[in-house]
Amino acid sequence: MPGTLRPYALTCEHRVTPLGLDEPRPRLSWKLADARRGQRQSAYRLQVAVEEGTNVFDSGVVASSDTLDVVPVGVTLAAATRYFWTVTVWDADGEEGETASSWFETGLMRPEGWGDAVWIEHDPETAPQAAPPAADPLPLPERLASSSPARLMRKVVTLRATPAKARLYVTARGLYRMSINGNRVGADELTPGWTDYRHRVLYQTYDVTAALSVGPHVLGALLADGWWSGYLGFDPRRPAEHYGTRPQLIARLVVTYGDGSTETVVTDSSWRETTGHVLHSDLVMGEMHDARREPEGWDRAATFDDAEWSPVRVADHDHHTLLGALDEPVRVTETVEPVGVTRRADDRVILDLGQNLVGRMRLTVRDAAPGTRLTLRHAEVLGDDGELYTANLRSAEATDLYVTAGRPVETFEPVFTVHGFRYAEVTGHADVTAVALVMHSDMPTVGEFECSDPDVNRLWSNIRWGQRGNFVSVPTDCPQRDERLGWLADTQVFAPTACYNADVQSFFSRWLLDVMDGQHERGAFPDVAPVLDRPALDREGAPAWGDAGVLVPWLLYRVYGDRRTLERCFDSMTRWIDWIAEGNPDRVWSNRVGHNYGDWLQVDAQTPRDVLATAYFARSTDVVADAAETLGHADAALTYRKLATDIRDAFRTAFVADDGTVAGDTQTGYLLALSFGLLPDHLVQPAVDKLASAILRTGNRLTTGFVGVALLCPTLSRHGRDDLAHALLRQSEYPSWLYSVRHGATTIWERWDGYTEHAGFQAPTMNSFNHYALGSVGEWLYARVAGIAQADDSTAFTELLVAPAPGDLCSARARYDSVRGPVTTAWSLDGTRFTLDVSVPPGARATVRLPLPVGAVAGDVRESGVPLEQAPGVTVEDTEEPNVIRCRVGSGDYRFTVPVRGSEREG
C-alpha cells in the first residue's frame, strides 16, 4: 500500500493540460496533500511518455523537495504530439506515496510548422457582392456607424474517412470565431487576445476530432477588427496608428486517419468571403447585427451557393510572430440575471443587474415583426434622473443593435464587443428577456475572504469584481470607456492583491513579454503595455509606472517561485535602472521621468513628485540587486546594491529632516520612506509617529492616491499600528474605501470622489466606476486581517507568517490556494476566548503569531486542547513582542485557543 502523501493539481507551464504548447522546455509542477502533520516531499520520480506509451524521460528517484517548475532535462519535444506524464512522491519518512498523471500537447513549435498556411483578408478592391442593408429609419451612433463589418469566410473540405485525430491551429490579426458545420469551435472569447502584434500573435489549438467525419464539411470563420484595427485607447479611430488596417485570418487543420496518414487544410486563396449580418463591430463602440442578412446555411451546408461571394486576398506569408497561447483565454464564466426592471413610458426598459460587471448581454426576443430594431445601451451607474449615466464613457458608444428576422423566438448576443456596465437599456420591442454574460481571462480563483463586518466583505467582493472585469486579455485600467489600456503602475500596485485572488502567474508572465517589447532602445519601459504607435502613449515610463517592469517579475518569483520569468526579464530590469541612473548622477530622480504622474489621484495632499520618484528608484534598484543575487550574478548584485545605497543616501539628504519629517509631510511620503527602507534606524519611529499624525489630523481618513494606497495598511501594521490600519479600513466618511460601499458600489472606483454627496459625479473626462488600483488593500485583508502572509525571506510560500490582526473585528477567515497547496485561516474573538484555526500544506512551514487580547493568560493557551508546549508539531519560540505568543508549525491542521477573561467585543 502506498503512503498517504498525494500529488495533485498537476500543471505544465502553470496550466492544466495545455493544448498547443510551443515551449521547448516545459515546466512541470504539482501540489501535495497529506492529513498528517509535518509532512513534506523527500523525493520524486518523474516520467514522460508519448501517446503510444513509449517513455521519453524517466528521472529515476530524485532526492528533492522540488514540486515547482521541474524540467525534464534532455528531452526534445516533437511538434503536435501529446505527452503523458506521471509523478510519484516520497514523504518525509522516505515512504513511497501516491502517483498522479496528466498530459500536455505541443503545438506547431516553429514557424515552418505552419506550412503553406497564409494570412487571408477581405479584398477591398472587389465589388460589393451583397445587397445593401434595408433602409433604417433611425440613425446609428456615430462611432459605431464608422466601424467595420465583420467578415464571413468559408471553405468546404471533404474527408475520405472519419479522422482518428484532428487539430485546428488558428489565429487572427483582429478577432475571430471559428465553426465547423455551423457548430462553434471552442468556448474562447475575443481570441486571440491582445498582444503587441508586431512582435507576437498567439494562436489557439483546438481538438476537433469529434466534429469531423467522412464526407464534406464547412469551415466557417467570423472575423472582426478587435485590438488590431478597431477603436483603441482614448484617441479617435486612426488606422495609421493601429497595428493594421483590416483583420486577417490564418489557420491550419491537420487531420490524421486511422492508418497514420494525414491531410492538411490551410487558409489560402481558395477561401471565399463576404459581408454578412454583423454590419458593424467594434470592441469599444459595440455591434450591430441584422438577422435578415445572415446567409442561411453559409457555415453548415456544403451545398450553399457562395458564387456571389468574393475570393479572399492573400495578405501575408510570414509565420515568425506566431506563438502558441501562453495563458488561459477570455471566457464567459458566469451568467447574471437582472435584479430590477424599470419600464419607461416611451417603450424603454432599464435593467439592473445588481452588479457592475464586464461582458455583454444576451437578449431573447419573441414575436417581433421582421425588421424590428432593438437598441441596447450600457452604463455603470444611473444619473439622478434615473436614466443611464453615460457621460463618463467619453467617446465609447457602448451600444449594440439588433434587427430581427421575424422568427417567433430570436436570440441576440454580440460576438466581438465587451462592455463595462451594471445597467442596460433595451428599446424597440416589449417582449424581450435578457441576461448578462460575465467575461474575463479565465484564471483559476485561488482566494476567499470573509470577516464579521458586512461592509468589509462588500469591499472584498468589489476588489474581486474589479479584478475580473479589468483582466480581459491584459490588465486594463477600466473596462467601460474609450481607453482600456494596460497601465503599468495600476498593475504593479494591485498585483500582490491579484495574486491572492486568482492564479495570475501565466497571465502576468505573458503580459510581461509585451512590457519588454515596449521597452525603448535605451532602456526606458513604457507607461502602458502592449504599446500603441502613438506619441501620447509610446513614451518613456513615469516613476512607479515603468517600475512595473522590475517589480512584477520579482513578485512572480516571490509568490510562485517563477525563476524563468525573472531570468527572461533580468536584462530589461537592469536596463531600466541604468537608464534612470545615467540621467540622474546625483541619484535624485528628477530627469527622465516621462509624464510624471506622482501619486495619481491623491486627495487633499500633494506628495512631491521627486520624493516619489527617488523612492521608487531606490526600491527598484534594490529589487534588481535581489534578483541578481537570486540568479547568481554576483558582480551585478554588488553593483546595484551599491547604487541602491547611494540612492538612499541621496533621498535622506534631499528629503528627510533631522526629526524624521519627509518632504511634503504627506501620508504617501512617509509610506514610501518606511516601506522602501529609506530611513536610518533612528528616524524610523519618528517617521511612523508623523505618519500617524498625518492620519489622525484628517480624522482617520486617507489622502493617498494610486501609489500610496497600496502601502498604507501594510506599512502601518509592519510598524505596530494595526489600530490605525483598522480605523482606516472601517472608515465610512469620504475619502475612504467604505464610502463607495455605503453609496452602492459593487466594484472599486477609479477615484475616491467618483461620486460624493456634496459634489455629485466627478468630471466625466476621467471617472470610471470599475477600476482596481485603489483596491490594493486586498493584499492586507488576506495577509494581516486574516493572517495569510509569506515570510520576508521566503519564496513560493515555503515559509508562512500567520499573524492575524483582529483590530475591532470579531472574526475573519480566508483561504489561499498557494503553489504549495491551500493555506487556510479562521479566527474568532468573543467574550471568552480567541480561537485560530490554521491549515498548512505539505512542504511548507509557518510561524504563527498569536495575539494575547486584554485578559488573556499565556499559560492557558492550547492547541487542539493540549497545552501549547505539549502539542505535537508545535515549537514555542521566544519573542520580545509584548502580548504575543509565537510558535513554529509544520504542515497540517491546528486549532489554537487563547482564553480571555473579562473582555467584551462588538462586531
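Buried here means under 20% relative accessible area. With that cut-off, F471 is buried, and F494 is buried too. The model is predicted.

## Aromatic pairs

F471 and F494 form an aromatic pair. Its geometry is edge-to-face, with 85° between the planes. F471 belongs to strand 34 (residues 471–472), while F494 belongs to helix 4 (residues 488–501). The two are 23 residues apart, and their pair links distant parts of the chain. Both residues also belong to one aromatic cluster, made up of F471, F494, F507, F508, W511 and Y772.

The model holds 40 aromatic pairs. Another of the edge-to-face kind joins Y197 and W228. Y197 sits in the loop between strand 12 (183–184) and strand 13 (201–207), and W228 sits in helix 2 (residues 226–229), so this pair ties together parts 31 residues apart in sequence. Y197 and W228 are both buried.

The two pairs are set out below.

| Pair | Centre to centre | Angle between planes |
|---|---|---|
| Y197 and W228 | 5.7 Å | 65° |
| F471 and F494 | 6.5 Å | 85° |

## Charges over rings

Arginine also meets tryptophan in this model. R173 places its charged end over the ring of W119, 3.9 Å from the ring centre. R468 lies over the face of W465. Here the distance to the ring centre is 4.3 Å.

## A five-stranded sheet

One open sheet has 5 strands in the order 2-7-6-4-5. Its pairing is mixed. Strand 2 (19–21) and strand 5 (55–62) are the edge strands, and each pairs on one side only. From one strand to the next, the twist averages 30°.

Strand 6 (residues 82–90) has 7 of its 9 residues buried, so the rest of the structure largely encloses it. Which strands flank strand 6 in the sheet order? Strand 7 and strand 4 do.

Strand 4 (residues 43–50) runs antiparallel to strand 6, and 8 bridges join them. Within this pairing, L46 stands opposite V87 of strand 6.

Strand 7 (residues 96–106) also pairs with strand 6 in the antiparallel sense, over 8 bridges. R82 has E105 of strand 7 as its bridge partner. Strand 6 and strand 7 form a hairpin with 5 residues between the strands. G94 in this hairpin takes a positive phi near 85°.

Strand 2 pairs with strand 7 in the parallel sense, over 2 bridges. There, L21 has T106 of strand 7 as its bridge partner.

## Around N356

N356 lies in strand 25 (residues 348–366). Is N356 buried or exposed? N356 is buried, with a relative accessible area of 3%.

The side chain of N356 has polar partners. One is the side chain of T747, in a polar contact at 3.0 Å. Another is the backbone nitrogen of R422, which lies 3.4 Å from a polar atom of the N356 side chain.

Leaving aside residues up to four places away in sequence, N356 touches E380, G420, F421, R422, W465, T746, T747, F769 and N770. W465 is thus named twice in this report: N356 touches W465, and R468 lies over the face of W465.

Definitions and conventions: Residues are numbered from 1 along each chain as its sequence is written. This is a predicted model: local features need pLDDT of at least 70, side-chain atom pairs count only at pLDDT 80 or more; totals for chains, interfaces and linings use all residues. Side-chain values use heavy atoms; hydrogens and water are left out. Rings of Phe, Tyr and Trp (its six-membered ring) pair if their centres lie within 6.5 Å; planes under 30 degrees apart count as stacked, over 60 as edge-to-face and the rest as tilted. Helices (H or I, at least four residues) and strands (E, at least two) are DSSP runs, numbered from the N terminus. Buried means under 20% relative accessible area, exposed over 50%, partly exposed in between (1.4 Å probe, protein chains only). A charge sits over a ring if NZ of Lys or CZ of Arg is within 6 Å of the ring centre and within 35 degrees of the ring normal. Two strands pair if DSSP finds at least two bridges between them. Axes are lines fitted to C-alpha atoms, for helices over the stretch in contact, and angles run from 0 to 180 degrees between N-to-C directions. A polar contact is a pair of N or O atoms within 3.5 Å; within protein, one must be able to donate a hydrogen and the other to accept it, and residues adjacent in sequence count only if both atoms are side-chain atoms. Contact means heavy atoms within 4.5 Å.
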